[in-house]
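User: Please take a close look at a single part of this model, the strands at the start of the chain and how they are joined, and then follow the contacts outward from there.

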Amino acid sequence: MKVISENRCFGGVQGVYSHDSAATGCEMTFGLFLPEDAEEMPVPVLWYLSGLTCTHENAMTKAGAQGWAAEQGIALIFPDTSPRGDTVADDESFDLGKGAGFYVNATEHPWAPHFRMWDYVAEELPGLVGKSFALDMDRQAITGHSMGGHGALTLAMRLPGRFRSVSAFAPICNPCGSDWGRKQFTAYLGADESAWVAHDASLLMADRGFDGPVLVDQGASDPFLDLLKPETLFQTAALRRQDGAFRMQKGYDHSYFFVSSFMEEHVGFHAEALYA
């Protein structure tokens with residue numbers, strides 16, 4: 001693992017690191033904020049998964065999470081959204097290829113050799129950071145924005161016992177029923193729609209739900225509402241009597257202005273679960 005940068009931040013350290021990934025077959029970069037508490041003891045972990053076109057850097061610099069995490073004594077991990085490098089397949093469209101890994105293990109050409117972001121985020125990166133930093137991997141929570149919200153919700157529901165809480169900002173809620181999701185799922189996972197179900201938050205909510213609290217914020221003025229389909233997740237959560245809050249925020253859009261406006265509440269929500 002290589003240290004790209006380490007900067008003092010709210011009493012702790014905001015670092016950026018890279019490493020060779022067995023899961024993706026290329027070099028991967030991630031951000032990690034360690035609060036000052038990590039100098040004395042292992043601290044709980046909040047994962048932040050970013051959305052389409054983003055890297056590890058977007059949320060690290062725009063979400064305003066480090067100050068709130070420092071107050072709560074929580075580490076923040078910012079993985080990248082896809083594999084990178086000259087040998088990695090790409091597409092001219094913003095919603096496929098680099099920056100659009102969708103947190104799945106691709107099975108189709110030309111994506112399969114590198115686009116294994118599920119394995120990377122679920123297994124490889126947790127193993128690496130757990131061995132390398134003062135992190136309490138028995139206390140983890142997860143959040144994300146847009147495509148990252150989709151990833152956070154699906155990881156939380158498919159890995160029972162891993163995360164104590166899950167939240168999302170404007171997640172892609174029903175990719176099997178949206179143009180966004182159908183395009184990527186066909187490209188990455190093939191035409192057999194039965195392979196898509198494991199990566200659809202609304203279908204997973206209906207089938208199994210989450211064994212902890214959920215918080216979802218959606219901007220009511222989001223221009224992508226028809227593609228995100230928050231109503232499908234909200235309805236299935238209500239039918240399941242899921243423990244959580246599913247909120248429409250009047251006037252807010254899809255941007256990091258929206259994310260940063262509610263970040264304090266999300267960090268506090270996770271802190272309550274992580275320190276319970």
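Analyst: N7 has Q14 of β2 as its bridge partner, and this pair belongs to the antiparallel ladder in which seven bridges join strand β1, residues 2-9, to β2. The model is a predicted one, and the bridges described here are computed from its coordinates. Between β1 and β2 there are two residues, and the two strands form a hairpin in whose turn F10 has a positive phi of about 50°.

On its other pairing, β2 meets strand β3, residues 26-34, again in the antiparallel sense and over nine bridges. S21 stands opposite C26 of β3, and the hairpin of β2 and β3 has four residues between the strands, with G25 taking a positive phi near 70°. Strand β2, which spans residues 12-21, thus pairs with β1 and with β3, and it is mostly covered, since eight of its ten residues are buried. In a regular strand the side chains alternate between the two faces of the sheet.

C26, the residue opposite S21, raises the matter of its sulfur. The cysteine sulfur closest to that of C26 belongs to C54 and lies 18 Å away, which is too far for a bond, because a disulfide needs the two sulfur atoms within 2.5 Å. C176 is likewise in no disulfide, as the nearest cysteine sulfur, that of C173, is 12 Å away. The count of disulfides in the model comes to zero. Both cysteines are nevertheless covered: C26 is buried with a relative accessible area of 10%, and C176 counts as buried at 15% relative accessibility.

From β3 the contacts lead to a loop further along the chain, through M28, a residue in contact with S82. S82 is found in the loop between β5, residues 75-78, and α3, residues 117-132, and S82 counts as buried because its relative accessible area is 0%, where the limit is under 20%. Leaving aside neighbours within four places in sequence, the residues in contact with S82 also include G97, K98, G99, A100, G101, F115 and M117. With G99 there is a polar contact as well, the backbone nitrogen of G99 lying 2.7 Å from a polar atom of the side chain of S82. The loop between β5 and α3 also holds P110, and the peptide bond leading from H109 into P110 is cis, with omega near 0°.

The positive phi of F10 in the first hairpin can be set beside two further residues with positive phi. T53, which is not a glycine, has phi near 75° and is placed in the loop between β4, residues 43-49, and α1, residues 57-62. S146, also not a glycine, has a positive phi of about 60° and lies in the loop between β6, residues 135-144, and α4, residues 147-158. Their surroundings contrast, in that T53 counts as exposed at 51% relative accessibility, whereas S146 counts as buried at 4%.

Definitions and conventions. Residues are numbered from 1 along each chain as its sequence is written. This is a predicted model: local features need pLDDT of at least 70, side-chain atom pairs count only at pLDDT 80 or more; totals for chains, interfaces and linings use all residues. Side-chain values use heavy atoms; hydrogens and water are left out. Buried means under 20% relative accessible area, exposed over 50%, partly exposed in between (1.4 Å probe, protein chains only). Two strands pair if DSSP finds at least two bridges between them. A polar contact is a pair of N or O atoms within 3.5 Å; within protein, one must be able to donate a hydrogen and the other to accept it, and residues adjacent in sequence count only if both atoms are side-chain atoms. Contact means heavy atoms within 4.5 Å.
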